[in-house]
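Q: I'm new to looking at protein models. Could you walk me through how to read one?

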Amino acid sequence: MSLQEKETLELAQAKMQEYLQDNAVCSMDEYVQHGTTSTLQHCLSVVRISCAIAVGLHIHVNYENLILGALLHDFHLHSNILCFSHLF
């Protein structure tokens, strides 16, 4: 991973922290998915795995979009997307 890619990934991870401050996003932690895992924990796992695959396979991706998509891919299951439209 190049220095530029590393810096981009770090910035994307910082942006993810903004979403994790949102009440609607945090509410995903109240719902169970895949047995005993909350929807939020599942989505955070998808973030980690998606980034690891991109880094490991040297795939050039937009990490902010990758992280946002992975973090919110199951958001529609439990929340109203308009609840956090102020973040966009």
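Q: Let's start inside. Which residues of the largest nonpolar core touch the most other members?

A: Keep in mind that this is a predicted model. A nonpolar core is a set of buried nonpolar residues joined through their side chains. Here the largest one has 20 residues, and those touching the most other members are Met16, Leu20, Val25, Leu40, Val47, Ile67 and Leu71. Helices H1 (3-19), H2 (23-26), H3 (39-56) and H4 (63-72) each supply at least two residues of this core. H3 gives the largest share, with 6 residues.

Q: Say I click on Leu71. What is Leu71 in contact with, leaving aside its neighbours within four places in sequence?

A: Quite a list: Met16, Tyr19, Leu20, Met28, Leu40, Cys43, Leu44 and Val47.

Q: Now the outside. Which residues make a nonpolar surface patch?

A: Ile49, Ile53, Leu57, Ile59 and Val61 make one of about 440 Å². Take Ile49, which is found in helix H3. Is it hidden away? Exposed means over 50% relative accessible area, and Ile49 counts as exposed because its value is 51%.

Q: And charges? How many salt bridges does the count come to?

A: Look for a side-chain nitrogen of Lys or Arg within 4 Å of a carboxyl oxygen of Asp or Glu. By that rule you get 1 salt bridge. The side chains of Lys15 and Glu18 form it, at 3.4 Å from N to O.

Q: Where do Lys15 and Glu18 lie?

A: Both sit in helix H1, 3 residues apart, about one turn of the helix. Lys15 is partly exposed at 24% relative accessibility, and Glu18 is partly exposed too, at 42%.

Technical notes
Residues numbered from 1 in each chain as written. Predicted model: local features only at pLDDT ≥ 70, side-chain atom pairs only at ≥ 80, totals over all residues. Heavy atoms only, no water. Core = buried A, V, L, I, M, F, W, Y, C linked by side-chain atoms within 4.5 Å. Buried < 20%, exposed > 50% of the residue type's maximum accessible area, 1.4 Å probe, protein only. Helix = DSSP H or I, 4+ residues; strand = E, 2+ residues; numbered from the N terminus. Contact = heavy atoms within 4.5 Å. Patch = residues over 30% accessible without salt bridge, like charges linked within 9 Å, V, L, I, M, F, W, Y side chains within 5 Å. Areas by Shrake-Rupley, 256 points an atom, 1.4 Å probe, with all protein chains shown as cover.
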